[in-house]
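Please open the model in your viewer and keep the selection tool at hand. The stops below are meant to be taken in order, with a pause at each to look around.

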Amino acid sequence: MRVALLGCGTVGSAVARRLQDRGERYADLLGRPLELVGVAVRDSSAPREGVDPALLTTDAESLVGRADVVVEVMGGIEPARSLIEQALRGGAQVVTANKQLVAQQGEELHAVADQHEVGLDYEAAVMAAVPVLAVLRDSLAGDEVTSVRGVVNGSTNYVLDLVAREGVPFAEAVRQAGELGYLEADPTEDLEGLDAAAKAVILARTAFGVRVGLGEVDRIGITGLTDDDFAHAAQRGSVIKLVASARPAGDGVSVSVRPEVLPAHDPLAAVQGGTNIVVIEAVSAGELRLQGAGAGGDETASAVLGDIVRAARRVR
Ligand SMILES: NC(=O)c1ccc[n+]([C@@H]2O[C@H](COP(=O)([O-])OP(=O)(O)OC[C@H]3O[C@@H](n4cnc5c(N)ncnc54)[C@H](OP(=O)(O)O)[C@@H]3O)[C@@H](O)[C@H]2O)c1
């Protein structure tokens, strides 16, 4: 089974290493080996620890053409979107960790996947290691989900935590998070709630099977918060979290991302640093809580590899 990896950064290099380390395990599981046939990067001369340099290529298009499973971990919209579409049209199964792409183009890409009878999986796109999409899609397929609510962006949570727990002024906490590499070079995606909004859209579609886009998310980031807001919350024994939520509303769904003042007993209040949490309410199951690493190379690779195994099982 030929696997092509598009991207070999934080996530891609962890996936490549695990495909090699766990080769026998996957061969036993699937009844045939998973062979990494190439790794597309921008700079094929840069060394990649644990990855055979002979596998590196800058020609992603030809790599896609010779794989049964294409794994996109490059990020960004283009060329990721075109390469995924090329893979689906060519009959390959596709796995991606790209939340913005899935939030913006997921419906169109699913239509192409359906037309060509192949799968498109993206567990890693939401909450990295935490298998929330599998729970919503498979485990709760026979139930009725009534609400999904979570802290799904570790970078903003790190900032909010630093203010609440260490008393660091808000602006200083943002600066420190940037310095430690927790925020992107352009921190807008995290601080303005764009990253959380993309995840909320994917959660809403998966939980409620509705069409919903990023434009429909009622979104407020954390940049408007002041030290007074944190002081007022602390006086009441509460904390401020950036909460993403989705629940049915009329024929559709209401999706929001905004800072909320949460009482200490709220399960979302205790989550620290880069940890993510989601609380799912379903009619029969009641309340379910899923919590774990919302980022990190190996952690995110766990979800990508799970999708690769799932995709490989579909390859005839
Ligand atoms: N990092 C996390 O914790 C995490 C968690 C959940 C989801 N994700 C998602 O996973 C994806 C990858 O994230 P990452 O952190 O691994 O990114 P990254 O470290 O920046 O790695 C990106 C990789 O893609 C390659 N690449 C980028 N543009 C390319 C192009 N046009 N053609 C060929 N190769 C290209 C880069 O090549 P060069 O190395 O040559 O520059 C690099 O190897 C993103 O969609 C991200 O949102 C990441």
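Leaving aside neighbours within four places in sequence, which residues is I280 in contact with? Before selecting anything, bear in mind that this is a predicted model. Now show I280 together with V132, V135, L136, L140, V145, S147, G286, E287, L288 and L290, which are the residues in contact with I280 once its neighbours within four places in sequence are set aside.

From there, widen the view to the nonpolar core. I280 is one of four residues, with V70, V132 and L136, that touch the most other members of the largest nonpolar core, which has 76 residues. Select helix 10, residues 194-208, and you have the element that gives the largest share of this core, ten residues. Colouring by domain is useful here, because domain 1 (2-129 + 297-314) and domain 2 (133-293) both give residues to the core, so the core lies between them. A second, separate core of 33 residues can be found by selecting some of its members, including L5, L30, V39 and V69.

With the domains still coloured, compare their positions: the centres of domain 1 and domain 2, taken over C-alpha atoms, are separated by 27 Å. To the contact between them, domain 1 brings 17 residues and domain 2 brings 23 residues.

Next, select helix 6, residues 132-139, where V132, L133, V135 and L136 are buried. If you look down the axis of helix 6, these buried residues fall within an arc of 165°, so they line one face of the helix. Their packing partners can be added to the view one after another: strand 7 (145-151), helix 10, strand 11 (275-282) and strand 12 (286-293).

Move on to helix 4, residues 80-89, whose buried residues are A80, L83, I84, E85, A87 and L88. Around these buried residues, show strand 1 (2-6), helix 3, strand 4 (69-72), strand 5 (93-96), helix 5 and strand 6 (120-121), against which they pack. Just after helix 4, stop at G91, which takes a positive phi of about 90°.

A smaller selection comes next. L56 is found in strand 3, residues 56-57, and it is buried, with a relative accessible area of 12%. Although L56 and A40 are 16 residues apart in sequence, their C-alpha atoms are 5.9 Å apart in space. Not counting residues up to four places away in sequence, L56 touches V39, V41, S44, A46, R48 and V51.

Finally, turn to the empty spaces. The largest pocket has a volume of about 1,500 Å³, and among the 47 residues that line this pocket, V11, M74, G75, K99 and E184 are the closest to its centre. To follow the lining outward, select helix 1 (10-21), helix 3 (60-64), helix 5 (99-115), helix 7 (154-166), helix 9 (188-191) and helix 10, each of which supplies at least two residues of it.

How many cavities of 30 Å³ or more does the structure hold? There is one, and the volume of the largest cavity is about 30 Å³. Select V148, R149, G150, A200, L203, A244, S245 and A246 to show the residues that line this cavity; strand 7, helix 10 and strand 9 (238-249) are the elements that give two or more residues to its lining.

Notes: Residues are numbered from 1 along each chain as its sequence is written. This is a predicted model: local features need pLDDT of at least 70, side-chain atom pairs count only at pLDDT 80 or more; totals for chains, interfaces and linings use all residues. Side-chain values use heavy atoms; hydrogens and water are left out. A nonpolar core is a set of buried Ala, Val, Leu, Ile, Met, Phe, Trp, Tyr and Cys residues joined through side-chain atoms within 4.5 Å. Buried means under 20% relative accessible area, exposed over 50%, partly exposed in between (1.4 Å probe, protein chains only). Helices (H or I, at least four residues) and strands (E, at least two) are DSSP runs, numbered from the N terminus. Domain bounds come from an automatic or database domain assignment. Contact means heavy atoms within 4.5 Å. The arc is that of the directions from the helix axis to the C-beta atoms. On a 1 Å grid over the protein atoms alone, a cavity is a set of points where a 1.4 Å probe fits but cannot get out, and a pocket is an open set with protein on both sides within 12 Å along at least five of seven lines; lining residues have an atom within 4 Å of a point. Grid points are joined across faces, edges and corners, and a volume is the space filled by probe spheres set on the points.
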